[in-house]
Amino acid sequence: MPEWPEMEHYREMLDVRIANKRVTAVQVERERSLNMSIPEFTARVEGQQVIGVGRRAKMLLITLESNEVLLLHLMLGGWIFYGQVNEKPERTIQVQLSFGEQQLYFIGLRLGYLHLFTPVQLSERLSELGPDPFEPALSLSTFKVLLERGRGTLKKQLTDQSIIAGIGNFYSDEICHAARILPSRTPSSLTLEEWSSLYESMHGTLIEASQAGGYMDQAFYNGDSLTGSYNHMCRVYDREGELCHRCGQIIVRNTVSSKKSFHCPQCQR
Ligand SMILES: [Zn+2]
């Protein structure tokens, strides 16, 4: 499932393309991807100008001039593509928003969805989320306090969206590897030095991955060579049996807090 870096990368690419553009047509093939009927969705979205594209946690927020917001959650298997009709990927499209000649295709939205919310509904929908990893209020000391709540492992706490929003199974392992800490550790066992390392690794890993285009391997537009480049840079995730880039030890897979997890048994403690 795409996490902070993938969605932030999508947000940047999408915002420069559709901000201030008008939705000229709406086509929906799968009503279940929406939170209302197709005619109602079309009536409320078609003709609207896009104010801008934001992101919260693993979701994209497309604000319309009506102040209503399209919330996109790709979940597992979802992706988006932007281009002309003749560039359309050979895949089933669930929703298509037209911006004149340019089309925004929503693909693989089986678990994922595109919901339209009023501002009040949106704030209710997002009310359970913890802070963004880069929110200024999330200082090192607040980070420590939040993660120390509850008794879970680092893996469990880092992926809990009500604690910090935007990190999932993939980047929790990458962050722990960067910090040289095992994901199975409990927050209460961390030294002050390790807290500082974990906090810096969270920022460093997410920014690096986002600038590398995240790990989603489908191009966002024709000629897009950046999206998915982090796939070749990742340190531990899905690298069981391969060598650690830092120390040469073999990467191990195990289960931490019922989640698939990868670590280096030599340079992570
Ligand atoms: Zn290692």
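Me: Two strands are said to pair if DSSP finds at least two bridges between them. What makes strand 4 and strand 8 a pair, and in which sense do they run?

Reply: In this predicted model, five bridges join strand 4 to strand 8. The criterion asks for at least two, so the strands pair. Their sense is antiparallel. Individual partners can be named: Leu-70 stands opposite Leu-116, and Leu-72 has Leu-114 of strand 8 as its bridge partner.

Me: How do you know that strand 3 and strand 4 pair?

Reply: Five bridges connect strand 3 with strand 4, again in the antiparallel sense. With a requirement of at least two, the strands therefore qualify as a pair. Leu-60 is bridged to Leu-72 in strand 4. Strand 3 and strand 4 form a hairpin with four residues between the strands, where Asn-67 adopts a positive phi near 80°.

Me: Why are strand 2 and strand 8 called edge strands?

Reply: The open sheet to which they belong has four strands in the order 2-3-4-8, with antiparallel pairing. Strand 2 and strand 8 each pair on one side only, and are the edge strands. Neighbouring strands in this sheet are turned by 20° against each other on average, direction ignored.

Me: Why is strand 4 described as largely enclosed by the rest of the structure?

Reply: Five of the five residues of strand 4 are buried, so the strand is largely enclosed by the rest of the structure. Both of its faces are covered, with Val-69, Leu-71 and His-73 buried on one side, and Leu-70 and Leu-72 on the other. In a regular strand, side chains alternate between the two faces of the sheet.

Me: Which helices lie across this sheet, and at what angles do they run?

Reply: Helix 1 lies across strand 2, strand 3 and strand 4, at about 175° to strand 2. Helix 3 (residues 119-126) lies across strand 2, strand 3, strand 4 and strand 8, at about 130° to strand 8.

Me: Why is Arg-55 called buried?

Reply: Its relative accessible area is 14%. The cut-off is under 20%, so Arg-55 counts as buried. Arg-55 is placed in strand 2 (residues 50-56). Leaving out residues up to four places away in sequence, Arg-55 touches Trp-4, Met-7, Glu-8, Arg-11, Leu-60, Leu-61 and Asp-132.

Me: What makes Ser-210 buried?

Reply: The relative accessible area of Ser-210 is 6%. That value satisfies the limit of under 20%, so Ser-210 is buried. Ser-210 is found in helix 7 (residues 192-211). Neighbours within four places in sequence aside, Ser-210 is in contact with Trp-4, Pro-5, Glu-8 and His-9.

Me: How do you know that the buried residues of helix 2 line one face?

Reply: The buried residues of helix 2 are Phe-41, Thr-42 and Val-45. Viewed down the helix axis, they fall within an arc of 100°, so they line one face of the helix. The face turned away from this buried side carries the exposed residues Pro-39 and Ala-43. Strand 1, strand 3 (59-64), strand 4 (69-73), strand 6 and strand 8 (113-117) are among the elements that cover the buried residues.

Me: What makes strand 6 and strand 7 a pair?

Reply: Six bridges join strand 6 (residues 93-99) to strand 7 (residues 102-107), and the two run antiparallel. At least two are needed, so they pair. Helix 2 (residues 38-45) packs on the sheet and touches strand 1 and strand 6; its direction makes about 160° with that of strand 1. The strand order of this open, four-stranded sheet is 1-6-7-5. Its edge strands are strand 1 (25-28) and strand 5 (79-84).

Me: Why is the site of the zinc ion called tetrahedral?

Reply: The zinc ion is coordinated by the SG atoms of Cys-244, Cys-247, Cys-264 and Cys-267, at 2.2 to 2.3 Å. Donor atoms must lie within 2.8 Å of the metal, so these four qualify. The angles among the four donor atoms are 95 to 119°. The class requires all angles to lie between 85 and 135 degrees, so the site is tetrahedral. Along the chain, the donors follow the spacing C-x2-C-x16-C-x2-C.

Me: What makes Cys-264 and Cys-267 buried?

Reply: Cys-264 has a relative accessible area of 0%, and Cys-267 has 10%. Buried means under 20%, so both residues meet the criterion.

Conventions: Residues numbered from 1 in each chain as written. Predicted model: local features only at pLDDT ≥ 70, side-chain atom pairs only at ≥ 80, totals over all residues. Heavy atoms only, no water. Donors = N, O, S within 2.8 Å, 3.2 Å for Na, K, Ca; no water. Tetrahedral: all angles 85-135°; square planar, octahedral: opposite > 155°, others 65-115°. Buried < 20%, exposed > 50% of the residue type's maximum accessible area, 1.4 Å probe, protein only. Contact = heavy atoms within 4.5 Å. Axes fitted to C-alpha atoms, helices over the stretch in contact; angles between N-to-C directions. Arc of directions from axis to C-beta.
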